[in-house]
Amino acid sequence: MVVRLTEVGRTVARGLRSDPDQRIVAALALVVATLGLVPVALAPADVVIYAGVATGTPTLYSYTIAITVALVLVALHTPRRLVRALLLWVPFLGWVALFAVLSWDASLRTLSGILHFCLAATVFAIGAAAERADRRHSILLWAFAVVAWLQLFAITAAVLGFPLRRVSGQQALDVLGRATGLTSHPGELAKLLFFCGLCALTLPQRTVRERWVAWTTLGVVLLGVSLTQSRTVLAAVVSVILVFMLLELMTGRWQKRYFVVLGLTGVLGVASLPWLIERFLADPGGGSRQHLLTVAWDVIRAHPWTGVGPNSYVAVAGASDRLTASGVPVHNVLLLSAAEVGILGALLLWLPFVRTATTATRSVFRSRTSELAPRVLVSALPGLLLIGMTGWGLLQGPYFLMLALVSGYFGARTRSSAGVRGDGRD
């Protein structure tokens, strides 16, 4: 075993030295690992705790370094693809630059939010530009699959009394009995597993072994989401699977083994009923969401064009609302983005994602592509809308970066499938 691992290591090292594509996909895997497993703050030593889309001060994370490395490699080897992907973000970045000078305050909090959105644009472009280099081996998809398995390992270790990460303080009482894995909250783990599920559905299945890995990884995602007891993400994952199966049936790609997936989904849905009923009985109306929506609309009416500034919603709205000041922003990413960067700014922010979704939808229903990526992306749209309309975490921290990375990657794979036949499911 040691000899084999050594040989594999030498082969990989030779490939990294001689093949630019291998360097790009290695950096891509590093980005996924740092986002999904170790999104660790490196500097400053004391991070300002703030309930926003980013931290209270600009912070260097492990994934910041990984994204920078990937950006350099992609810029060196595929600059045209990188620039083409970044062009989708130029209107929003121009909007941010304009109002950063003319309107928004010059606080470290706002600067942290601006850097967060710039990082999202960068990682979207990296995903889109690196797809060509990753097309043959699908390393990004396999990396997300590994993340799902390692999160399950962390959940199992915690159940056995050996937690790899501890949640402390008041939050520990809030998440009692719910899986957190290597994250700090069940909702964070659930969103991470949602993206892992999309990648599991897109994994190549050319051999029996690959099929087993793909479907068992999807089972891991379903199990993990159920253990987080996240109502929204559980519904989102189930909707992804059901819509995907429906698209497979409509396009004549239905396979008998899909019955196993539907059966597994049904079993886990039934197994989740006890905690679903308990949570709905404890919180049938969604808590204070209606009050938070009212606060957000008030902020948008007061600042319809400029917004209050990136990452500044809680600070500004919290000045007049006690619940918001306690660290509870509006649970709706569209309203939150509109309140922070203005209505037009929010439209520009979501433009690259809408463009990707539109391209995928056209590919599925007009050209009826055999590529998996657009069908999975279309299947994910209802789930993403559900998560985005009932929470704000999809716009925050590494989870917005994951959304950007997967969207850029899947969008590029959708466009590349126009002249390619076959989906690798021999």
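A residue is called buried when its relative accessible area is under 20%, exposed when it is over 50%, and partly exposed in between (1.4 Å probe, protein chains only). The model is predicted, so local features need pLDDT of at least 70 and side-chain atom pairs count only at pLDDT 80 or more, while totals for chains, interfaces and linings use all residues. Residues are numbered from 1 along each chain as its sequence is written, and side-chain values use heavy atoms, with hydrogens and water left out.

The protein has 20 helices and two strands; these are DSSP runs numbered from the N terminus, with H or I over at least four residues for a helix and E over at least two for a strand. Of its 426 residues, 52% count as buried. A contact is a pair with heavy atoms within 4.5 Å. Among contacts with a separation of 6 or more, 78% are between residues 24 or more positions apart.

Leu93 gives a local case. This residue is found in helix 5 (residues 90-102) and is partly exposed, at 29% relative accessible area. Leaving aside residues up to four places away in sequence, Leu93 touches Cys118 and Ala121. The C-alpha atoms of Leu93 and Cys118 lie 7.4 Å apart, with the two positions 25 residues apart in sequence numbering.

Next come the salt bridges, each defined by a side-chain nitrogen of Lys or Arg within 4 Å of a carboxyl oxygen of Asp or Glu. The count comes to seven. In one of them, Arg413 pairs with Glu131, with the closest N and O atoms 3.5 Å apart. This pair links distant parts of the chain, since Arg413 is in helix 20 (residues 397-416) and Glu131 is in helix 6 (residues 108-134), 282 residues apart. Both partners are buried.

Another salt bridge joins Asp105 and Arg109 at 3.0 Å, N to O. Here Asp105 is partly exposed at 38%, whereas Arg109 is buried at 18%. Glu210 and Arg206 also pair, their closest N and O atoms being 3.4 Å apart. Glu210 counts as buried because its relative accessible area is 15%, and Arg206 as partly exposed because its value is 39%. Shared partners join Glu131, Arg135 and Arg413 into one salt-bridge network.

On the surface, Arg80, Arg81, Arg84, Arg355, Arg362, Arg366 and Arg415 form a positive patch. Patch residues have over 30% relative accessible area and no salt bridge, and like charges are joined within 9 Å. Lys and Arg count as positive, and the charge of Arg is placed at CZ. Helix 4 (79-86) and helix 18 (343-365) each give two or more residues, with helix 4 giving the most, three. Arg80 lies in helix 4 and is exposed because its relative accessibility is 71%.

Terms used:
Patches are made of residues with over 30% relative accessible area and no salt bridge: like charges are joined within 9 Å, nonpolar side chains (Val, Leu, Ile, Met, Phe, Trp, Tyr) within 5 Å. Accessible areas come from the Shrake-Rupley method with a 1.4 Å probe; for residues, only the protein chains shown count as cover.
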